[in-house]
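Biologist: I would like a close look at one part of this model, the surroundings of its bound ligands. Please take me through the residues there one after another, and then through the elements that carry them.

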Amino acid sequence: MNTYAATLLETVRSTRPLIHHITNTVTINDCANATLAIGAAPVMAGAIEEVGEMAGIAGALVLNIGTLSPAQVDAMVAAGKAANAHDIPVILDPVGVGATTLRTKSAEKILRECTVTIIKGNAGEIGVLAGSGGTVRGVDSGGCAGNPLEVARRCAERWSTVVAMTGETDIVCENGEAYLIRNGSPMMERLSGTGCMAASVVGAFAAAGDDPVKSAAAALIAFGLAGERAERESAGPYSFRTALFDELASLSQEIIISEAQVEQIRGI
Ligand SMILES: Nc1ncnc2c1ncn2[C@@H]1O[C@H](COP(=O)(O)OP(=O)(O)O)[C@@H](O)[C@H]1O
Ligand SMILES: Cc1ncsc1CCOP(=O)(O)O
Ligand SMILES: [Mg+2]
């Protein structure tokens, strides 16, 4: 996986896929810059009149419900259907699902009406979407009920997608196969937007690759490595933020090959 992830990073940089986002108003700029830093091209486009056209020229679509409205969810569904028609991957970041009825109903509507390739969420969000229970307070995870690997597997099975559950150890799985990724930094919890940026990086790798479970794992390795390297250079959350962008931009194949901490589990 280390070599696979390293090669996929170079593919992101050499192909510079366009990553179409419909996302929240809190971290939209960080998502654009994280996408650029890893080597892809961001575009944020949310009007229902243009999302189909934009998804048609993109390499991946990232849907993030962080500051959703019913009208925005309709645009997400339209964009998702266009992405499906063009056969590009759709990444759903179900920010705060479970915290309110609107979030839960909206995430489920997107999952029912579009084919979502990868759900990227924290443990609480994935627990809610698995139907096994998760604690979500605002956008913060209070964890999932039960064994996290089993919860991620159930979520993947329920919605027929790849699931990328983030936390101290990231779990990426689809039926039969999982990756546990131990790169990252506790500083990533102290900065708003790291989950959203993780979804953008997953979008970039999913656009460049042809195996969504491996793409998502490679993306979280890359993002986690940038986070742990940024921690060494920072004095607090805001210098960490600057260092995180710098480390995303300077991440090399050599760093991924020598520092990725990933375990593959078969037969889950
Ligand atoms: N305690 C931690 N140690 C290492 N990495 C972490 C830790 N907490 C979060 N991360 C990393 O931060 C990113 C965002 O994850 P998370 O905090 O779970 O998302 P969210 O912001 O959606 O709650 C992921 O790449 C994850 O691996
Ligand atoms: C604070 C907040 N409120 C709505 S969206 C958002 C940002 C969430 O960012 P992340 O989940 O990536 O930390
Ligand atoms: Mg966060």
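Modeller: What follows goes from the ligand shells to the annotated positions and then to the helices and the core.

This is a predicted model, in which local features need pLDDT of at least 70 and side-chain atom pairs count only at pLDDT 80 or more, while totals for chains, interfaces and linings use all residues. Residues are numbered from 1 along each chain as its sequence is written, and chains are lettered from A and ligands numbered from 1 in the order in which they are written.

Ligand 1 is surrounded by 17 residues, of which Asn 122, Thr 166, Gly 184, Met 188 and Gly 195 are the closest; a residue is near a molecule if its C-beta atom, placed from the backbone, lies within 6 Å of it. Two elements, helix 8 (194-208) and helix 9 (212-233), give two or more residues to this shell, where helices (H or I, at least four residues) and strands (E, at least two) are DSSP runs numbered from the N terminus. By class, the shell around ligand 1 holds 5 nonpolar, 9 polar and 3 charged residues, with Ala, Val, Leu, Ile, Met, Phe, Trp, Tyr, Cys and Pro counted as nonpolar, Asp, Glu, Lys and Arg as charged, and the others, Gly among them, as polar.

UniProt, in an unreviewed entry, lists Lys 120 and Thr 166 under "binding site". Although they span 47 residues in sequence, no two of their C-alpha atoms are more than 7.4 Å apart, so they gather at one spot. The record's positions are given in the numbering used here, its feature names are shortened, and its annotations may be inferred rather than shown by experiment.

Lys 120 sits in strand 5 (residues 118-122) and is buried, with 32 other C-beta atoms within 10 Å; a residue is called buried if 20 or more other C-beta atoms lie within 10 Å of its own, exposed if 12 or fewer, and partly exposed in between, with C-beta atoms placed from the backbone. Leaving out residues up to four places away in sequence, Lys 120 touches Ile 91, Asp 93, Ala 164, Thr 166, Ala 198, Ala 199 and Val 202, where contact means that the two C-beta atoms, placed from the backbone, lie within 7 Å. Thr 166, in strand 8 (residues 162-166), is buried too, with 28 C-beta neighbours inside 10 Å. Its contacts, again leaving aside neighbours within four places in sequence, are Lys 120, Asn 122, Gly 195 and Ala 198.

Beyond strand 8, Glu 168 belongs to the loop between strand 8 and strand 9 (170-174) and counts as exposed, with 11 C-beta neighbours inside 10 Å. Glu 168 and Pro 186 are 18 residues apart in sequence, and their C-alpha atoms are 7.3 Å apart in space.

The shell of ligand 2 consists of Asn 24, Val 26, Thr 27, Gly 66, Thr 67, Val 95, Val 139, Ser 192, Gly 193, Thr 194, Gly 195 and Cys 196, which divide into 4 nonpolar, 8 polar and no charged residues. Gly 193 is also given, together with Met 44, as "binding site" in the unreviewed UniProt entry. Gly 193 lies in the loop between strand 10 (177-181) and helix 8, is buried with 21 C-beta neighbours inside 10 Å, and, apart from neighbours within four places in sequence, is in contact with Val 26, Thr 27 and Asp 30. Met 44, by contrast, is in strand 2 (residues 41-44) and is partly exposed, with 16 other C-beta atoms within 10 Å; not counting residues up to four places away in sequence, Met 44 touches His 21, Thr 23, Ile 28 and Ala 32.

Helix 9, already named for ligand 1, has 18 of its 22 residues buried, so it is largely enclosed by the rest of the structure. Helix 9 also gives the most, 12 residues, to the largest nonpolar core, which has 100 residues; such a core is a set of buried Ala, Val, Leu, Ile, Met, Phe, Trp, Tyr and Cys residues joined through C-beta atoms within 7 Å. Val 172, Val 201, Val 202, Ala 216, Ile 221 and Ala 222 have the most contacts inside the core. Finally, the buried residues of helix 10 (residues 237-250) pack against helix 2 (28-38) and helix 9.

Technical notes:
The expected span of a helix is 1.5 Å times one less than its number of residues.
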